[in-house]
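Reader: I am new to this structure and would love a close look at a single part, the place where the two chains meet. Could you walk me through it slowly, with the terms explained as you go?

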Amino acid sequence: MPEKDVAVAAVPRPARRRRGVPPLARFLIRRILMALLLAWGITLVTFVLTNLVPGDPVAANLGQRALGDPAIVAQWRTEHGLDKPLWEQYALHLGGVVQGDLGMSQQSHRPVAEDLAEYVPATLELAGVAIAISLVLGVAFGVVAALRRDRLADHVLRVLSLVGISVPTFWLALVAFYVFFFRLQITPGSGRVDPALGAPPGVTGLQTVDALLAGRWDIFTSAVGHLITPALVLALYTIGLLTRFTRSAVLEVLGQDYVRAARAKGLPGRVILFRYVLRSALVPIITVAGLAFGSLLSGTVLVEAIFAWPGIGQYAYKSATSLDLPAVMGVGLVVGVVYLAINLIVDVLYGVIDPRVRLQ
Amino acid sequence: MKRDPLARKGLLRRLPEAWRQPLAVAGVVIALGWLVIALTAPLLAPHDPLAQDLPRLAAPGPGHWFGTDQLGRDILSRVMYGARVSIPLTVVLVALSLVIGGLLGACAGYFGKWVDESIMRLADLVFAFPTVILAMVVAAALGPSLTNAVLAVLVVAWPAYARVTRGLVLGVREREFVLSGRLLGFSAWRSLRVDVLPNVTGPILVLATLDIGTALLLLSGLSFLGLGAKPPSPEWGAMVSSGVEVFDSWWVATFPGLAILTVVLAFNFLGDTLRDALDPRTARAIKERAL
């Protein structure tokens, strides 16, 4: 993302007003246009991968006997628009995507879009909790490491965060499942909620929220219990990432003149930390958190399968292992667009918080 | 090469100090250990990694220190042979993405204009996907095999190098020694090769060190998903995957997972220390790209 360049080469330039559009609006418009362009690029990527790379889709979809009959093959090709020129096929594909048609899953024999709609809330719940945990712990650890620079706490946190980004997520999920569920039996097993209790009435699709809305405290605790282990497993990598990044962001701010001035005038340490240091360090941290969300979405593919968490990660895992190409591409498309949207929000936040960014 | 001696001297002066840091030493020791295991696996391994002649799912004990899997193969031997699969592939993979990404990024930064635009927009497109998702999509489209998994990781890995190299080249391009080279009549390629690239290699090599860990995680992750190494192969990710079916026999998945963890950790220890030793500005650029 080019906005990452911003942090590196932010050269404050005087605001140039063009055509009377305020800089913030221009910044937003530019970012939104870029996101739309990338979203279009994502559809192009999934189209190219589904239609060009795997060779003959006819062979992949028709049985042996049908392949021997030229009439059936020709009919199938016409039905799926394969006899049309490539650009026309892509136009059809794009038109379908825009209307929410992502093709049929070869595995579930249902439209991929329908499948995904069913699984998205579970993943959002898991990833949301994981990013919340990562932000709280990662920022806290990073601040501690920066404040205790080159002391024991800093060294310990450095090693721990490096371990955090080095652990294979799929393996950690398995180990956590084995240790906490199978051996110690302190966490509930797979799924989102105790099957005996049943799912709460679906309102938002987030079962913790739905349980609270329905006033079912027992379902809520069960849902939280099921959520906590996979969320922690998922969060470990991003905690490590955010710890390292927060540390350097805070160290950079700590060296600034205005922090030294605040110290010199005798402000209490807490005030300096929260009002002077964290506030400006948070700007780059938010950007990284947006990018970290991408690794969380990646992680769900590896974690959900093990915890039998019925989200898009598990759907992606099942589709990938059974080579259900339309489903895999659907996941790629949806996750790509979600990731793009999140980074757009982060960019906008970034621009709103830090005026220098808008002037780029 | 002789141009800008100060920059090169500065880097060399800082590097030895970085290599003396405890974390870097730990990283080098672990990485060398794995290198030795990879090279001497046929001598070290107590059993044939593919032979199914031991009792099935035997717990770790004398004769098979890491236990055996559901087909009666010795896990210790398989983990050792696994180093011969994963480590060379990862190194080749990172080297390829460094060369491809580095060259594209250098062209983008040096030539600018439409070259820059087209290469960097392509990189943006790759960055628009979460890495595992894109790698999974590409690997699934190409069909499951270890070579295709490597290709898939290559697709997601090159843009990081392109970005970093481009940024560094932009910083060097207008410097006097490059301009004077051009005035002496160097062609664009000669200028790029002789004046520009030698001055940007340090940070890129650091990025590559950090990237070895990421690449191994991705590659073994794809194998775990069944999109990489095929069954009899003692690839670590695939071994963890086979341990899922028999998760109450904890040793089947635990040891190959630890193997991945230690290799990745070694390169992260090393890369993290080297990065700190670099110039803070380039170091930050790398840190942000290494996400």
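Author: Happily; let us begin with chain A by itself. Among its contacts (heavy atoms within 4.5 Å) between residues at least 6 apart in sequence, 70% join residues at least 24 apart. This is a predicted model, where local features need pLDDT of at least 70 and side-chain atom pairs count only at pLDDT 80 or more, while totals for chains, interfaces and linings use all residues. Residues are numbered from 1 along each chain as its sequence is written, chains are lettered from A and ligands numbered from 1 in the order in which they are written, and side-chain values use heavy atoms, with hydrogens and water left out.

Chain A has 16 helices and zero strands; these are DSSP runs, with helices (H or I) of at least four residues and strands (E) of at least two, numbered from the N terminus. Of its 360 residues, 46% are buried, meaning under 20% relative accessible area with a 1.4 Å probe, protein chains only. Chain A exposes about 17,300 Å², and 65% of that comes from carbon and sulfur atoms; the area is computed by the Shrake-Rupley method with a 1.4 Å probe.

Now to the meeting place. Chain B gives 54 residues to the contact and chain A gives 54 residues. The size of an interface is often given as the accessible area lost when the parts come together. Here chain B and chain A bury about 5,100 Å² between them, with carbon and sulfur atoms carrying 74% of it; that area is summed over both parts, using a 1.4 Å probe.

There are two salt bridges between the chains, each a side-chain nitrogen of Lys or Arg within 4 Å of a carboxyl oxygen of Asp or Glu. One salt bridge joins the side chains of R158(A) and D272(B), at 2.9 Å from N to O. On the side of chain B that touches chain A, the elements giving two or more residues include helix 4 (113-127), helix 9 (201-224) and helix 11 (251-277) of chain B. Helix 11 of chain B provides the largest share of that side, 14 residues.

A record adds some context for chain B. UniProt, in an unreviewed entry, lists residues 83-271 of chain B as "domain: ABC transmembrane type-1"; such annotations may be inferred rather than shown by experiment. That span is 83% helix and 0% strand, with its end C-alpha atoms 20 Å apart.

Notes. Buried means under 20% relative accessible area, exposed over 50%, partly exposed in between (1.4 Å probe, protein chains only). Buried area is the accessible area (1.4 Å probe) that two parts lose on being put together, summed over both.
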